[in-house]
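This report is meant for a reader who has not seen the structure before. It goes through the two chains, the place where they meet, and a few single residues.

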Amino acid sequence: MKIQISNGMFIAMILNIMYAKAIGVTQGVLARTVGQDMWLATLLGTIEGIVMMYLTYLVIRRTPDKDYIQLGQLLLGRWFSSLVALVIFAFFIVAFGPVMITFVYHLRDYFLPDAPLWIFVVTSLIVGTIGCYYGLEVMGRIAVIGLLFMFALNVLITIGSMQEFDIRNLLPIMESGAPKTAKASIHYLSDCAMATMMATLVLPVVKKVDQGHGRFGVFGIMGSGMMIIIWAILEGAVLSSEVTSQYTLSCMKLARNAHMGNFLQRYEMIMIALYSLPALFEVMFCIYGTSVCMSRIFGIKSNRPMIIPCCIMLGVFGYWIIKDHFRALDFLENYWPFIALPVAIGLPLVMILLRKMLGYKLQKKSA
Amino acid sequence: MPENDQAKDGKPQDDMQRLLEQPIQPQLSDNVTAVDEVMGESVDLLKRDFLLCGNPDYPGILYFLDGMADASIVDTVLKALITYGSERNLDPAKLSTADMLRTSLMINASVKTFDTVAEGISALVAGDTLMFVNGLKQGVLICSRGWKDRGVEEPSSENNVRGPRDGFTETIRTNTANVRRRIRDPHLRIDPMVIGKRTQTDINIAYINNLVKPGLVDEVKKRLGGIKIDAILESGYIEELIEDAPLSPFNTVQSTERPDKAASALLEGRVVIFIDNTPVVLIVPTFFWQFIQAPDDYYNRYWVGSFFRIVRYCAFLISLLLPSIYVMLVSFHHEMIPTQLALTIASGREVVPFPVLLEALIMELAFELMREAGLRMPKPIGQAVSIVGSLIIGQAAVQAGLVSPFMVIVVAITGISSFAIPSYSSSLALRMFRFPILIASGTMGLLGFASTFFALLLHALSIRSFGEPYLTPLSPFRPSDQRDTMLRAPMWMLNSRPGFAQDHDRMGHDQMPAPPKKDGSQ
């Protein structure tokens, strides 16, 4: 029986794959680039992300049961499907860098400074492997639980930060100007890129995806925008953009700052426990994405035999990235968006173009 | 038959099989020889010969097992065969078939005929009485099952304050009757099955025909039919053989000793499996949340039911996570503990020579040891061991500086919480889950805690019980089933059955008690 996931699960998966990195490190990058306009950059990035997600949907609109790799096979044959698989595989390998930066630095720098780095990489990969082994349906279900955790985290941070909330810290609006804000939004758009690349593999298993006219993906990006922009506004209004820009993990500064009354002065550990689920979901999906692509390249039906080899590759790359803080930040700010966006925008565009040119092939095959 | 038995009896397997398959012979002696050879010289096998209607031309014999058959029923049979026939001047020659004998002479409620030795033997070992009469090509089976059994008592492992006090017993028919008495619906079906090559254990599969999901009963029968085992001594044997996730520590088959719980499961469209010789019945499909629900939730008012259900959910989380959280905070993240509390904990730990993880493991193991010892010992001694263990040893350990008072409190609260979970078998599983989370938290802090917890969650999300996701109705989310999951909604709101049942309507709508409307309508 073909696996199917509900629309709600798909939306939850989008939120999970974007949330951890977007609140964890992207806001700091945005603060360094556009100051207090980081919430505007997030908003702009959300709108751009909606367009990008719709573009991704357009590719599979007429063949809703085929993912990008299968569609590539129909359009230009085996070599092209392998090429598409290779591109997606490379994307998720590279995406694992920012994912590890998000997960490891949150836990290591703030909670376990003496623990060796490899423990974080190996532990997250083990949990990711378990999820990936159980398959997409279980990943969808854990994403829904992750969504509840994200709500809880947002409620906790909002309650804990309201006492220091000062709207004046967000003024003046558009201080950096529209072009600079638009340019900065690509950092958030690269978070959306992870969601759209996830959609290239997952959309065909979403229930009634053809009847949704692409709105499930769009809702996902919009929902993510709403959940994440709260952090952008809180960080700007509570910490101020100057303070936010000083931190790699600005959300942790906000979380440490949050308190409820006199007894509960610090509860960031509860927040990080809630935050771990979306972060681990990102790890899980990187393993899933790479293993599916690898299995398609080698013509293996199931992705399970490829999970361990992919974990090794991801682990090595992730460890190399996070071993050096400077390299990690440099990669995050100067390389990641420029790798992620061409793939996330370019691949759907190429596929749409090929569909236009070779659409007759699909009609013939479906006939 | 095992090889040593073959050697002892000197009868190869083929001979035994041939005897069993042998049809009933008109010659009485042939049948007697066959039964004697199959059953051997068992001390409890009783034979009683008689003359049908007192006629020496029609000798017959009764076989029954002492202790398994009710002697008074056998007396009635003999009275009918010997006395009634002659009193009514019945001609045995006219009772030429076993069926005529059954319909004209026998006065017992359940009398059947049979054609092969195997049929007769399987009924004989179940407590029935076999009858052979010279000249008849069939045997007669008289239901005479009657043995000493335990009376219906309140199950000790599933207590409640308000609600029925009866529990299942070791007799399958008493158990099915207990449920049938509650559900007088003609759609309630009880299908028979026999499992166990040697024990020939009776299994009954109960379901309500128009409520159960199509295909579920067939699946249950398929799994039960696939069991090839020599003995079923308890429902646990079957449970392990029909589970969806046999390697998982989670229980995917619910067990209960309470007829009201079984009846409620049937009314929710589930299937109940009765097994002879055990008071524990199995219920499928099973969902995780059911282990935290108790019958009292429905018998008390919904405010009370919901409140205590929430208390039990808290107990579940405490039982699973409290020691791990404590160890994690004290070992790695003490800055997260409010200052006053941290100072109190630190002063208590000042003299303790062990790391927190080791201290927690020692205490948890000691607690499990006391629990197990208390359970295995005779009841009065068991209570004494529990008291000595918990009070005296705990106090002595704190005074000796081996453990901190805070750790004793944590372990005690955890233990009490685990006892608050109504299902004994799932509380055992929970106790086991505690250890990996505890070790991971004690060695890797928040990373270990989060990773182990999510790995466990992923596993729970992946398993199914007879095709239904284990964490239903929370994941996948079923809005209509939420009225009876975390909270127990008022009875007038529980108007639909769980999503997997066939007929969803449980009661009519608009049943909320209300005063009559002004226009006089209800």
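A residue counts as buried when its relative accessible area is under 20%, as exposed when that area is over 50%, and as partly exposed in between. F435(B) has a relative accessibility of 17%, so this residue counts as buried. The structure discussed here is a predicted model, and the values below are computed from it.

## The two chains

Chain A contains 13 helices and zero strands. Read from the N terminus, its elements run α-α-α-α-α-α-α-α-α-α-α-α-α. Chain B has 17 helices and 12 strands.

The table sets out the values for each chain.

| Chain | C-alpha span along principal axes | Buried residues | Exposed area | Share from carbon and sulfur atoms |
|---|---|---|---|---|
| Chain A | about 70 × 45 × 35 Å | 62% of 367 residues | about 14,100 Å² | 67% |
| Chain B | about 100 × 80 × 40 Å | 48% of 522 residues | about 25,100 Å² | 60% |

How does the radius of gyration of chain A stand against that of a compact globule with 367 residues? Such a globule would have a value near 21 Å, and chain A has 20 Å, so the two agree. For chain B, the value expected of a compact globule of 522 residues is near 24 Å, but the chain has 30 Å.

The contacts within each chain can be sorted by separation along the sequence. In chain A, among contacts with a separation of 6 or more, 84% are between residues 24 or more positions apart. In chain B, 64% of the contacts between residues at least 6 apart in sequence join residues at least 24 apart.

## Where the chains meet

How many residues of chain A are in contact with chain B? There are 28 of them, and they are in contact with 24 residues of chain B. Between the two chains an area of about 2,400 Å² is buried, and carbon and sulfur atoms give 79% of that area. On the side of chain A, the residues that lose the most area to chain B are L112(A), R141(A) and M269(A); together they make up 26% of what that side buries.

The rule finds one salt bridge across this interface. R464(B) forms a salt bridge with E137(A), and their closest N and O atoms are 3.0 Å apart.

## Two phenylalanines of chain B

F435(B), the buried residue introduced above, is placed in helix α17 of chain B, which covers residues 424-462. Which residues does F435(B) contact, when neighbours within four places in sequence are left aside? They are L361(B), E364(B), L365(B) and E368(B). D202(B) is 233 residues away from F435(B) along the chain, and the C-alpha atoms of the two are separated by 39 Å.

F308(B) belongs to helix α12 of chain B, residues 302-331. Is F308(B) buried or partly exposed? Its relative accessible area is 43%, so F308(B) is partly exposed. F308(B) is one of the residues that make a nonpolar surface patch of about 510 Å²; the others are W303(B), V304(B), F307(B) and V311(B).

## Backbone details

Most residues other than glycine have a negative phi, and most peptide bonds are trans. The residues below depart from one or the other of these patterns.

In chain A, the peptide bond from L171(A) to P172(A) is cis, and its omega is near -5 degrees. P172(A) sits in the loop between α6 (136-161) and α7 (178-202). In chain B, a cis peptide bond leads from S475(B) to P476(B), with omega near 0 degrees. P476(B) is located in the segment after β12 (468-469).

K208(A) is not a glycine, yet its phi is positive, at about 50 degrees. K208(A) lies in the loop between α7 and α8 (215-239) of chain A. Its relative accessibility is 56%, so K208(A) counts as exposed. N277(B) is also a residue other than glycine with a positive phi, here near 75 degrees. The place of N277(B) is the loop of chain B between β9 (271-275) and β10 (281-284).

Note on methods. Residues are numbered from 1 along each chain as its sequence is written. Chains are lettered from A and ligands numbered from 1 in the order in which they are written. This is a predicted model: local features need pLDDT of at least 70, side-chain atom pairs count only at pLDDT 80 or more; totals for chains, interfaces and linings use all residues. Side-chain values use heavy atoms; hydrogens and water are left out. Patches are made of residues with over 30% relative accessible area and no salt bridge: like charges are joined within 9 Å, nonpolar side chains (Val, Leu, Ile, Met, Phe, Trp, Tyr) within 5 Å. Accessible areas come from the Shrake-Rupley method with a 1.4 Å probe; for residues, only the protein chains shown count as cover. A salt bridge is a side-chain nitrogen of Lys or Arg within 4 Å of a carboxyl oxygen of Asp or Glu. Helices (H or I, at least four residues) and strands (E, at least two) are DSSP runs, numbered from the N terminus. Buried means under 20% relative accessible area, exposed over 50%, partly exposed in between (1.4 Å probe, protein chains only). The radius of gyration is taken over C-alpha atoms; the globule rule is 2.2 Å times the number of residues to the power 0.38. Contact means heavy atoms within 4.5 Å. Buried area is the accessible area (1.4 Å probe) that two parts lose on being put together, summed over both.
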